[in-house]
Amino acid sequence: MASMLVIGIGRFGRHLATRLCQLGNEVMVVDRDEAAVSSVAPLAANALIGDCMDEEVVRSLGVNNFDVCFVCISDNFQSSLEITSLLKEAGAKMVVSKTDRELHAKFLTKIGADLVIHPERDMAWRTAMRFSTVGAFDYIELSPDYAVMEMAPPKAWVGHTLSDLQVRTRYQVNVIGIKEGSHVRPVVDAGHRFVEGEHILVAGSQEAIRRL
């Protein structure tokens with residue numbers, strides 16, 4: 001279980017805080033809007049109505065006690081920038097800041113954000129890849145060069161084993177699992193024989209996955 005601070009309970013912040021709580025983390029939420037705080041207070045370990053533009057408010061949070069501090073403010077870039085800076089000055093171990101613009105991301109990184117996330121851009125790219133690829137069910141970009149795709153096995157693979165096809169050598173990808181409903185079964189045997197209708201998880205460079 002990790003200790004998380006979520007500042008800014010808009011749509012993204014609310015979804016983030018809710019899911020962090022569901023995953024068993026200890027979460028504190030902060031926003032100057034009482035209604036926003038109330039919407040997630042029943043799930044959170046702690047909830048505070050306060051303006052984190054105020055240095056005293058930030059210092060009162062004990063930010064150095066949190067494993068990760070999230071700044072989920074994108075409608076007011078100045079606020080996001082100042083809060084990110086205040087968190088780092090107060091000793092935050094890791095600050096993750098949300099933004100919707102590339103230019104803002106550069107400034108956030110310069111003033112100390114450990115990671116800047118672009119939820120709308122990232123989901124748009126993920127959706128584009130999924131629907132641009134025949135037989136794809138999901139696509140997760142792990143880095144600018146590496147990704148995992150959930151897909152149907154190519155028709156030419158059906159009835160053959162990993163060993164028969166020499167997938168890693170011929171296609172420069174690794175088949176890492178079989179998804180069955182909500183469960184994933186790791187593929188550890190090169191003798192796995194592909195069947196029509198199954199969902200496989202393939203990992204590799206984005207270029208290799210696109211070629212596949």
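Q: Is D31 buried or exposed, and what is its nearest side chain of opposite charge?
A: D31 is buried (under 20% relative accessible area with a 1.4 Å probe, protein chains only), yet has no salt bridge. A salt bridge here is a side-chain nitrogen of Lys or Arg within 4 Å of a carboxyl oxygen of Asp or Glu. The nearest side chain of opposite charge, R32, is 5.6 Å away; Lys and Arg count as positive, Asp and Glu as negative, and His and the chain ends are not counted.

Q: What kind of model is this?
A: This is a predicted model, where local features need pLDDT of at least 70, side-chain atom pairs count only at pLDDT 80 or more, and totals for chains, interfaces and linings use all residues. Residues are numbered from 1 along each chain as its sequence is written, and side-chain values use heavy atoms, with hydrogens and water left out.

Q: Back to D31: which backbone nitrogen lies 2.7 Å from a polar atom of its side chain?
A: That of I9. D31 itself sits in strand 2 (residues 26-31); strands are DSSP runs of E, at least two residues, and helices are runs of H or I, at least four, numbered from the N terminus.

Q: What does D31 touch, not counting residues up to four places away in sequence?
A: G8, I9, A36, V37, L48, I49 and G50, with contact meaning heavy atoms within 4.5 Å.

Q: New topic: where is T161?
A: T161 is in the loop between strand 8 (146-151) and helix 7 (162-165). T161 is buried, at 6% relative accessible area.

Q: And which backbone nitrogen does the T161 side chain reach?
A: The one of D164, at 2.9 Å.

How values were computed: Buried < 20%, exposed > 50% of the residue type's maximum accessible area, 1.4 Å probe, protein only. Polar contact = N/O pair within 3.5 Å; in protein donor to acceptor, adjacent residues only side chain to side chain.
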